[in-house]
Amino acid sequence: MTSDTPDARAGVGRSGRGGSRGPLARLRRGPSVPRGREAEPVLASATPRRRLRPGGEAEPVLASATPRRRLRPGKGRRRLGAAVRLLAALTLAGGAYSVFAPGLQASAEDASQLSGAAADGKALYDVSCVSCHGSNAQGVEGRGPSLVGVGSAAVEFQVGTGRMPMGRQEAQAQRKPPIYNDDQVRQLGQYIQELGGGPQVPGGNVTANADVAEGGRLFRINCSSCHAFGGGGGALSSGKFAPSLHPATDRQIYAAMLTGPQNMPVFGDNQLRPDQKADLIAYVQETLKNQHTDQGGFNLGRYGPVTEGLAIFLVGIVALVFAALWIAGKS
Ligand code: HEC
Ligand code: HEC
């Protein structure tokens with residue numbers, strides 16, 4: 001009651017009617033009597049204490065004080081009932097929303113329903129990838145890109161070729177001896193896959209029923225511009241380069257095509273069908289890597305016609321100069 005008093009007094013004072021009554025009367029009856037009925041809702045909502053009255057012990061006292069006050073509990077209860085109904089409606093609406101909204105449900109699943117392999121992958125991720133790619137693979141400004149939606153294929157490529165975890169910031173992550181074994185790479189990939197989906201390298205033999213000759217044709221059309229005719233790689237702009245294809249495994253070549261790392265374009269299944277990818281991989285693995293015996297002599301690094309032209313130009317010019325000098329000395 002003590003906190004009520006100043007309010008009550010102020011209200012009474014302002015209206016100028018409280019002066020003749022004693023402080024006790026003011027305390028007990030409050031300003032509601034002089035103010036009349038309309039004032040009640042204001043007071044009831046202004047001070048939280050008064051809202052408690054209908055349920056509290058104060059009720060009998062009030063009820064006996066004035067007949068008018070008996071209206072209050074009913075009103076209060078009605079108000080309380082309305083509040084409860086509102087709360088129930090809000091809870092129901094919230095519940096219905098969380099059940100039917102697909103996004104919320106999915107994010108809840110992400111957190112709790114990782115498969116066993118993905119949970120193992122997350123443990124690895126939290127140790128060596130989190131610093132650059134963020135706690136939910138959302139990426140870290142200036143350190144590493146988001147991995148949401150890159151799929152297990154990107155992880156298989158990046159971690160399987162030892163590019164990730166990256167040691168230091170450089171123009172292009174280099175191939176290194178991988179620090180994770182195949183099982184761990186699969187677990188990491190599974191985690192990223194369950195987090196955001198994305199391309200996956202199909203299981204089983206990815207070069208089944210391959211046509212090597214067709215693979216050679218596709219390679220010269222799609223890949224040789226960057227990786228050179230012999231697959232030895234070549235320089236690109238800004239310190240970047242297309243690496244040699246010789247160390248890559250079947251699945252790594254497949255994953256590279258699916259994910260298009262760095263400057264490499266993505267060769268999705270619309271650009272190259274899975275059977276065409278199989279042809280290409282077979283060509284890289286069986287033809288390009290088995291050219292140990294060079295029937296024509298020096299292979300000049302297999303860099304293609306430019307090196308061959310340069311070589312013949314240098315050798316030919318020197319030979320012609322000496323021939324000209326020899327003829328001049330004879331005559
Ligand atoms: C030192 C920072 C660093 C660490 C540690 C690191 N990454 Fe990266 N990661 C990068 C950067 C930078 C790129 C982009 C550069 C590039 O593609 O060469 C990248 C790219 C990737 C990509 C390719 C994304 C795409 O769009 O295709 C994958 C997948 C990836 N990282 C996975 C991992 C995994 C898994 C780990 C932990 C085992 C890891 N990274 C650790 C910095 C890092
Ligand atoms: C525009 C140039 C470009 C074209 C075209 C291209 N690549 Fe690449 N490729 C790259 C670059 C750049 C990288 C290095 C990416 C990195 O280090 O993150 C690369 C990497 C690769 C690797 C990984 C090699 C390793 O280190 O194990 C493979 C495999 C590969 N490419 C296959 C292909 C195939 C197959 C094609 C044709 C279907 C192709 N690429 C077309 C630019 C290209």
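This passage walks through two annotated spans, one helix pair and a few unusual backbone spots in a predicted model.

Start with the annotated stretches. The unreviewed UniProt entry carries the annotation "transmembrane region" for residues 80–100 and 309–328. In the predicted model, residues 80–100 come out as 100% helix and 0% strand, with the C-alpha atoms at the two ends sitting 30 Å apart. The span 309–328 is likewise 100% helix and 0% strand, and 28 Å separates its end C-alpha atoms. The label itself comes from the UniProt record, while the helix content and the end-to-end distances are computed from the model.

Next comes a helix pair. Helix 11 takes in residues 151–160 and helix 15 residues 250–259, and their axes come within 8 Å of each other. The two axes cross at roughly 125°. Angles of 65 to 115 degrees count as roughly perpendicular and those over 145 as roughly antiparallel, so helix 11 is oblique to helix 15. As for handedness, the crossing of helix 11 and helix 15 is left-handed. On the helix 11 side, the contact is made by Ala153, Ala154, Glu156, Phe157 and Gly160. Helix 15 brings Arg251, Gln252, Ala255, Ala256, Leu258 and Thr259 to the contact. Sorted by character, the residues where helix 11 meets helix 15 split into six nonpolar, three polar and two charged.

The backbone has some oddities worth a look, beginning with the stretch that follows helix 11. Methionine 164 and proline 165 are joined by a cis peptide bond, with omega at about -5°. Proline 165 sits in the loop that links helix 11 to helix 12, the latter spanning 182–196.

Two alanines also stand out for their phi angles. Alanine 137 is not a glycine, yet its phi is positive, at about 60°. Its place is the loop between helix 10 (130–133) and helix 11. Is alanine 137 buried or exposed? There are 21 C-beta neighbours inside 10 Å, so alanine 137 counts as buried; the cut-off for that label is 20 or more.

Alanine 228 shows a positive phi too, in this case about 70°, again without being a glycine. This alanine belongs to the loop running between helix 14 (224–227) and strand 1 (234–235). Alanine 228 counts as buried because 21 C-beta neighbours lie inside 10 Å.

How values were computed: Residues numbered from 1 in each chain as written. Chains lettered and ligands numbered in written order. Predicted model: local features only at pLDDT ≥ 70, side-chain atom pairs only at ≥ 80, totals over all residues. Axes fitted to C-alpha atoms, helices over the stretch in contact; angles between N-to-C directions. Helix = DSSP H or I, 4+ residues; strand = E, 2+ residues; numbered from the N terminus. Parallel < 35°, antiparallel > 145°, perpendicular 65-115°, else oblique. Left-handed = near helix turned anticlockwise from the far one by under 90°. Contact = placed C-beta atoms within 7 Å. Nonpolar A, V, L, I, M, F, W, Y, C, P; charged D, E, K, R; others polar. Buried ≥ 20, exposed ≤ 12 C-beta atoms within 10 Å, placed from the backbone. UniProt positions renumbered as here; feature names shortened; annotations may be inferred.
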